[in-house]
Amino acid sequence: PSMSRRTRCSWAWLPFLLSPGIAAALVELPPVGLGTFRVDGGKARDMVRTALQLGYRRIDTAAVYENHEQVREGIEASGVPRSDVILSTKLPWFVNGYNATLRKIADMLTELRTEYLDILFLHFPGIPGDDRDVFDKHIWISDNVTLGYMLRRDTWRAMEEALSRGWVKALAVCNFLTEHLE
């Protein structure tokens with residue numbers, strides 16, 4: 001297929017996660033994108049630059065990949081305008097809570113030297129110190145609420161704030177099962 005052909009990804013579940021008054025956006029995704037998992041240093045920069053010059057228009061990275069600066073350098077070196085690139089990154093699973101999440105999003109924007117992200121993913125449903133059960137069902141705050149739920153709720157609220165501020169065009173989750181979204 002042509003690299004310029006775009007398909008629509010509706011993120012059908014997204015409106016169920018958003019708070020009232022927060023608008024969900026559709027992001028047009030190219031049928032093929034470039035992931036940068038386990039690619040660091042000059043390799044990431046060169047790979048991103050080459051991919052964009054060859055016609056790729058979606059680049060995916062994550063804070064835990066530790067290659068934001070190299071991805072940014074690759075985008076800059078490619079000659080492709082930032083507005084033509086669908087750039088997504090992922091919030092680390094160990095960043096939780098409202099203020100910490102807003103700080104991390106601001107840091108990622110700085111690292112990527114961009115004013116906005118096309119898609120911000122919540123990378124994993126876990127919380128720190130909980131390898132067995134991603135929602136920490138053993139630490140109950142009340143009869144129906146766990147610490148994991150509270151942290152994720154506040155993290156998601158901060159992601160919605162980033163959306164409202166124009167820092168992010170769309171929100172998504174990654175590595176979540178249906179049970180994590182219910």
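Is Ser78 buried or exposed? Ser78 is buried, with a relative accessible area of 9%. This report on a predicted model starts from that residue and works outward.

**Ser78 and the end of helix 3**

Ser78 belongs to helix 3. Its side chain has two polar links to the backbone. A polar atom of the Ser78 side chain sits 2.7 Å from the backbone oxygen of Ile75. The Ser78 side chain also reaches the backbone nitrogen of Val80, at 3.0 Å. Setting aside neighbours within four places in sequence, Ser78 is in contact with Arg49, Leu52 and Gln53. Just after helix 3, Gly79 has a positive phi of about 85°.

**His68 and the rest of helix 3**

His68 is also found in helix 3. Its relative accessible area is 2%, so His68 counts as buried. Which side chain does the His68 side chain meet in a polar contact? That partner is Glu111, at 2.6 Å. Beyond residues up to four places away in sequence, His68 touches Thr61, Ala62, Ala63, Thr89, Met108, Glu111 and Leu112.

The buried set of helix 3 consists of His68, Gln70, Val71, Arg72, Gly74, Ile75 and Ser78. These buried residues pack against helix 2 (41-54), strand 4 (58-60), strand 5 (86-91) and helix 4.

**Helix 2**

Helix 2 has 14 residues. From first C-alpha to last it reaches 20 Å, close to the 20 Å expected at 1.5 Å a residue. Its buried residues are Ala44, Val48, Ala51 and Leu52. Seen down the axis of helix 2, they fall within an arc of 95°, so they line one face of the helix. Lys43 and Leu54 are exposed on the other side. The cover over the buried residues of helix 2 includes strand 3, strand 4 and helix 3. Just after helix 2, Gly55 takes a positive phi of about 120°.

Asp40 is in the loop between strand 3 (34-35) and helix 2. At 48% relative accessibility, Asp40 is partly exposed. Asp40 and Glu66 are 26 residues apart in sequence, yet their C-alpha atoms are 7.2 Å apart in space.

**Helix 4**

How far apart are the end C-alpha atoms of helix 4 (residues 98-112)? They are 21 Å apart. This agrees with the 21 Å that its 15 residues should span at 1.5 Å a residue. Buried in helix 4 are Thr101, Leu102, Lys104, Ile105, Met108, Leu109 and Leu112. Down the axis of helix 4, the buried residues fall within an arc of 165°, so they line one face. On the other side, Asn99, Arg103 and Thr110 are exposed. Arg113, just after helix 4, takes a positive phi of about 50°.

The positive phi values that follow these helices are set side by side below.

| Preceding helix | Residue | Phi |
|---|---|---|
| Helix 2 | Gly55 | about 120° |
| Helix 3 | Gly79 | about 85° |
| Helix 4 | Arg113 | about 50° |

**Nonpolar cores**

How many residues does the largest nonpolar core have? It has 28. Those with the most contacts inside it are Ile59, Leu91, Ile105, Leu120 and Met159. The elements giving two or more residues to this core are helix 2, helix 3, strand 5, helix 4, strand 6 (117-122), helix 5 (147-164) and strand 7 (168-173).

Leu91 shows how the core is joined up. Not counting residues up to four places away in sequence, Leu91 touches Thr101, Lys104, Ile105 and Met108, among others. Its contacts also include Leu120, Phe121, Leu122, His123, Thr155 and Met159. A second, separate core has eight residues, including Leu29, Ile86, Ile119 and Cys174.

**Confidence**

The chain has a mean pLDDT of 79, and 71% of its residues reach 70 or more. Which element has the highest mean pLDDT? Helix 3 (residues 68-78) does, at 97. Strand 1 (residues 7-9) has the lowest, at 36. Over residues 1-16 the pLDDT is below 50, and the model gives this stretch 37 contacts beyond near neighbours in sequence. Residues 130-138 also stay under 50. For that stretch the model has 20 contacts beyond four places in sequence.

Key. Residues numbered from 1 in each chain as written. Predicted model: local features only at pLDDT ≥ 70, side-chain atom pairs only at ≥ 80, totals over all residues. Heavy atoms only, no water. pLDDT = per-residue confidence, 0-100. Helix = DSSP H or I, 4+ residues; strand = E, 2+ residues; numbered from the N terminus. Contact = heavy atoms within 4.5 Å. Expected span 1.5 Å × (residues − 1). Buried < 20%, exposed > 50% of the residue type's maximum accessible area, 1.4 Å probe, protein only. Arc of directions from axis to C-beta. Polar contact = N/O pair within 3.5 Å; in protein donor to acceptor, adjacent residues only side chain to side chain. Core = buried A, V, L, I, M, F, W, Y, C linked by side-chain atoms within 4.5 Å.
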